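User: Please take a close look at one helix of this protein and at what surrounds it. I should like a connected account rather than a list.

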Amino acid sequence: RNIHAAPHGGAAALDDADVLKRVCRAMDDAPQPPTSHSLAREASLVMAARVAQQLGFKSAEESALEALADVCRYYVNTLGRRAAANARHATRSDLALNDVLAALRQSPTAAT
């Protein structure tokens, strides 16, 4: 299934509406209902295309967008786990903004 693919592995245009249509079409064509994992994957691909577009790129290879999407999903997942650990450390079961902010500060990529 191609979401952002161009012929022969070339770069595809980064049009928001086109990317979203392709994602929706791919989800509609799926043999079973989407899972949270597949929805996260599709949303991160749309996000990757938008980031590339905002940085001034007019097109991108599907593999580049997928790599960026994978990194973003990993980072958000890690951030979520750290935020949840912060909430547990504070003996709370509800996630608070401070938990997320602390997780951002604890991130190895946090600005110092």
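Analyst: The model shown is a predicted one. As a whole, the protein has an accessible surface of about 7,700 Å², and 58% of that surface belongs to carbon and sulfur atoms. Of its 112 residues, 27% count as buried. The protein contains four helices and two strands, and from the N terminus on these elements follow the order β-α-α-β-α-α. Among the contacts with a separation of 6 or more, 57% are accounted for by residues 24 or more positions apart.

The part chosen for the close look is helix H4, which spans residues 97-106. Which residues of H4 are buried? They are Asp-99, Ala-102 and Ala-103. These residues lie on the same side of H4, because they cover an arc of only 105° around the axis. On the other side of H4, Leu-97, Asn-98 and Arg-105 are exposed.

The cover over the buried residues of H4 includes helix H3, residues 62-89. Asn-86 is found in helix H3 and offers a view of this arrangement from the partner helix. Leaving aside neighbours within four places in sequence, Asn-86 is in contact with Asp-99, Ala-102, Ala-103 and Gln-106. Asp-99, Ala-102 and Ala-103 are also the buried residues of H4 named above. Asn-86 has a relative accessible area of 15% and therefore counts as buried, since the cut-off for that class is under 20%.

H3 and H4 also appear together at the surface. Tyr-75, Val-76, Leu-97, Leu-101 and Leu-104 form a nonpolar patch there, and their accessible area together is about 450 Å². H3 and H4 are the elements that give two or more residues to this patch, and the largest share, three residues, comes from H4. One of the patch residues is Leu-101, whose place is in helix H4. With a relative accessible area of 34%, Leu-101 is partly exposed, because this value falls between the limits of 20% and 50%.

A further residue of helix H3 is Val-71. At 54% relative accessibility, Val-71 counts as exposed, because the class begins at over 50%. The C-alpha atoms of Val-71 and Ser-44 are separated by 9.4 Å, and the two residues are 27 residues apart along the chain.

In summary, H4 has a side with the buried residues Asp-99, Ala-102 and Ala-103, for which the cover includes H3, and H4 gives three residues to the nonpolar patch on the surface.

Definitions and conventions:
Residues are numbered from 1 along each chain as its sequence is written. This is a predicted model: local features need pLDDT of at least 70, side-chain atom pairs count only at pLDDT 80 or more; totals for chains, interfaces and linings use all residues. Side-chain values use heavy atoms; hydrogens and water are left out. Buried means under 20% relative accessible area, exposed over 50%, partly exposed in between (1.4 Å probe, protein chains only). The arc is that of the directions from the helix axis to the C-beta atoms. Contact means heavy atoms within 4.5 Å. Patches are made of residues with over 30% relative accessible area and no salt bridge: like charges are joined within 9 Å, nonpolar side chains (Val, Leu, Ile, Met, Phe, Trp, Tyr) within 5 Å. Accessible areas come from the Shrake-Rupley method with a 1.4 Å probe; for residues, only the protein chains shown count as cover. A salt bridge is a side-chain nitrogen of Lys or Arg within 4 Å of a carboxyl oxygen of Asp or Glu.
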